[in-house]
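Q: Please take a close look at one strand of this model and the parts around it. Which neighbours does the strand pair with, and how are its side chains arranged?

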Amino acid sequence: MRPAAHALLTAIVLAAAAAPCLAAGAASAPAVTHYVLDAPKSSLEFTFQQAGAQNKGKFTRFAVSFDFSPDNLAASRLDVTVEIGSLDTGDQERDDTLRGADLFAPAKFPQAHFAASRVNKTAGGYEAIGKLTIRGVTRDTRVPFTFRTADEHGVAVGYMSGKTSIRRLDFGVGQGEWKATDQVGNEVGVSFALRLTPAAAAH
């Protein structure tokens, strides 16, 4: 047998021998759990500086899809969609201003979206790495979070919480006179506390 043919035959035999092992390894990867949001028991809040004072608001309508296993982070995914028009700071005049064309402009950009295709383990918990889109502008974003499960009436409910900050001007939230940061700061804090239920258990 020629050396080239012998080498090819050897490679085929080795590949055939390795295939069952690779298949077994793939089959043994832990399945991820698909979680959905329990909206009434979840919160998504933001903070910002206005005229030197700290202000706080929240979004009342948002959806979360979370595929997760701490033992299979490679297959874990996070997807969050926020209805921008649902912002509420407790002040109608300020809310109307934030919904204006120079700020969040929900009439033109009704949703913000965060899609993370990578989840990494960190010293403090986890980090979702993905793309955040606000006002049609998309930026790479990292969101740190903690996650735990609790057995509630026989269902392993998930609790996710975390906080991060973004710069509003990176996403064009602030046109015209609102580009200035002397009255409204550029840094916006975002915090969340989510109750998530396995999709099979959701009603």
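A: What follows describes strand 4, its partner strands, its aromatic rings and the loop after it.

This is a predicted model, in which local features need pLDDT of at least 70 and side-chain atom pairs count only at pLDDT 80 or more, while totals for chains, interfaces and linings use all residues. Residues are numbered from 1 along each chain as its sequence is written, and side-chain values use heavy atoms, with hydrogens and water left out.

Strands here are DSSP runs of E with at least two residues, numbered from the N terminus. Two strands pair if DSSP finds at least two bridges between them. Strand 1 (residues 33–37) and strand 4 run antiparallel and are joined by four bridges; His34 has Asp67 of strand 4 as its bridge partner. Strand 4 also pairs with strand 5, again in the antiparallel sense, over six bridges. Here Phe66 stands opposite Leu78 in strand 5.

The covered face of strand 4 holds Phe62, Val64, Phe66 and Phe68, and the uncovered face holds Ala63, Ser65 and Asp67. Buried means under 20% relative accessible area, exposed over 50%, and partly exposed in between, with a 1.4 Å probe and protein chains only. Phe66 is buried at 0%, and Phe68 is buried at 3%.

Rings of Phe, Tyr and Trp (its six-membered ring) pair if their centres lie within 6.5 Å; planes under 30 degrees apart count as stacked, over 60 as edge-to-face and the rest as tilted. The count by this rule is 11 aromatic pairs. One of them is Phe46 with Phe59, a tilted pair with 5.1 Å between centres and 40° between planes. Phe46 belongs to strand 2 (residues 43–50) and Phe59 to strand 3 (residues 53–59), so this pair ties together parts 13 residues apart in sequence. Both Phe46 and Phe59 are buried. Back in strand 4, the ring centres of Phe66 and Phe68 are 5.0 Å apart with planes at 20°, so that pair is stacked. Ring pairs link Phe66 and Phe68 into a cluster with Tyr35, Tyr126, Phe145 and Phe147. Over the ring of Tyr126 sits the charged end of Lys121, 5.0 Å from the ring centre (NZ of Lys or CZ of Arg within 6 Å of the centre and within 35 degrees of the ring normal).

The loop between strand 4 (62–68) and strand 5 (77–83) contains Asn72. Asn72 counts as buried because its relative accessibility is 15%. Neighbours within four places in sequence aside, Asn72 is in contact (heavy atoms within 4.5 Å) with Ala29, Pro30 and Val32.
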